[in-house]
Amino acid sequence: MMFGRKWLYLPPMKRLVIFDLDGTLLNTIDDLGTATNHALEAEGYPTHSLDAYPMMVGNGVSRLIERALPEEHRTLATVERLRERFKEYYDSHLADHTKPYPGIPELLAGLQSRGVAIAVASNKYQEAVTRLMEVYFPDINFVAAEGNRPGVPTKPDPSIVFDILSTHPTPKSETLYVGDSGVDMETARRACIESVGVTWGFRPVSELRDHHADHIIYNPTDILPIVDQDTI
């Protein structure tokens, strides 16, 4: 904004952007599917095409395993046994095929240079979230990188968002939540935070619309105008 001959700098309207991880920042689907197939095969269950896994992920590893199992074998004991096999494999192979979506590293760097705080809220177990952040985004200063932990319910329960807001206090009106699924849009709604649905992830645009995304974007750079202006 210009007054006379001087420019007045206006800071971003959003001071904290919370990102989902899988399907939003990182394309993890091949490694998730391969780890699930490893667990299934080790226990004698049929495996799935990797193309089937985008519709299975999003609610944590236990739900992923449950959805991948034949319906008649979806017991708590079986899910827990396969979950341990999954983690044992995934911990050693989580970066085999995973990579950031195009434009994501540049987006994160751009937000950071603007002074916008960046956080991650994921249903993936905490150890894997921490490791993936170290591998793929070592130069980004995340104010929080929260994954699934004992005693913390998974999204769409908003507890993980409230934990981030406790760690980095920010008014909800100055916070943005970005994700690729209906689970993410519902998380943002329950937390009373403005939501952005991204179309490059694991779920169709129709799911984002059905769950009332405040914004739907097709390119990471489309987040910047939302951050820079008061849109709602």
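**Selected residues and a helix pair in the predicted model**

Ser 206 is partly exposed, as its relative accessible area is 41%. The structure described here is a predicted model, and within it Ser 206 belongs to helix α8, which spans residues 205-210. Although Ser 206 and Thr 221 are 15 residues apart along the chain, their C-alpha atoms are separated by 21 Å.

A contrasting environment is found at Thr 175, which is buried, with a relative accessible area of 0%, a value under the 20% that marks the limit for a buried residue. Thr 175 lies in strand β8, which comprises residues 175-179, and its side chain reaches the backbone oxygen of Pro 171 at 3.0 Å. When residues up to four places away in sequence are not counted, Thr 175 touches Lys 14, Leu 16 and Ile 18, together with Leu 165, Thr 170, Ile 193 and Glu 194.

Asp 20 is placed in a loop, namely the one between β3 (16-19) and β4 (26-27). With a relative accessibility of 6%, Asp 20 also counts as buried. The side chain of Asp 20 makes a polar contact, at 2.9 Å, with the side chain of Thr 24. Beyond the residues up to four places away in sequence, Asp 20 touches Leu 25, Ala 121 and Lys 155, and the list of its contacts further includes Tyr 177, Val 178, Gly 179, Asp 180 and Asp 184. Between Asp 20 and Val 135, which are 115 residues apart along the chain, the C-alpha separation is 17 Å.

The packing of helices was examined for one pair. Two packed helices are described by the angle between their axes and by the distance between those axes. For helix α2 (residues 61-68) and helix α3 (residues 76-93), the packing angle is about 115° and the axes are 9 Å apart. Helix α2 is therefore roughly perpendicular to α3, and α2 passes α3 in a right-handed crossing. On the side of α2, the contact is made by Val 61, Ser 62, Leu 64, Ile 65 and Glu 66, whereas α3 contributes Val 79, Leu 82, Arg 83 and Phe 86. In terms of residue character, the contact of α2 with α3 divides into six nonpolar residues, one polar residue and two charged residues.

Technical notes
Residues are numbered from 1 along each chain as its sequence is written. This is a predicted model: local features need pLDDT of at least 70, side-chain atom pairs count only at pLDDT 80 or more; totals for chains, interfaces and linings use all residues. Side-chain values use heavy atoms; hydrogens and water are left out. Axes are lines fitted to C-alpha atoms, for helices over the stretch in contact, and angles run from 0 to 180 degrees between N-to-C directions. Helices (H or I, at least four residues) and strands (E, at least two) are DSSP runs, numbered from the N terminus. Angles under 35 degrees count as roughly parallel, over 145 as roughly antiparallel, 65 to 115 as roughly perpendicular and the rest as oblique. A crossing is left-handed if the near helix is turned anticlockwise from the far one by less than a right angle, and right-handed if clockwise. Contact means heavy atoms within 4.5 Å. Ala, Val, Leu, Ile, Met, Phe, Trp, Tyr, Cys and Pro count as nonpolar, Asp, Glu, Lys and Arg as charged, and the others, Gly among them, as polar. Buried means under 20% relative accessible area, exposed over 50%, partly exposed in between (1.4 Å probe, protein chains only). A polar contact is a pair of N or O atoms within 3.5 Å; within protein, one must be able to donate a hydrogen and the other to accept it, and residues adjacent in sequence count only if both atoms are side-chain atoms.
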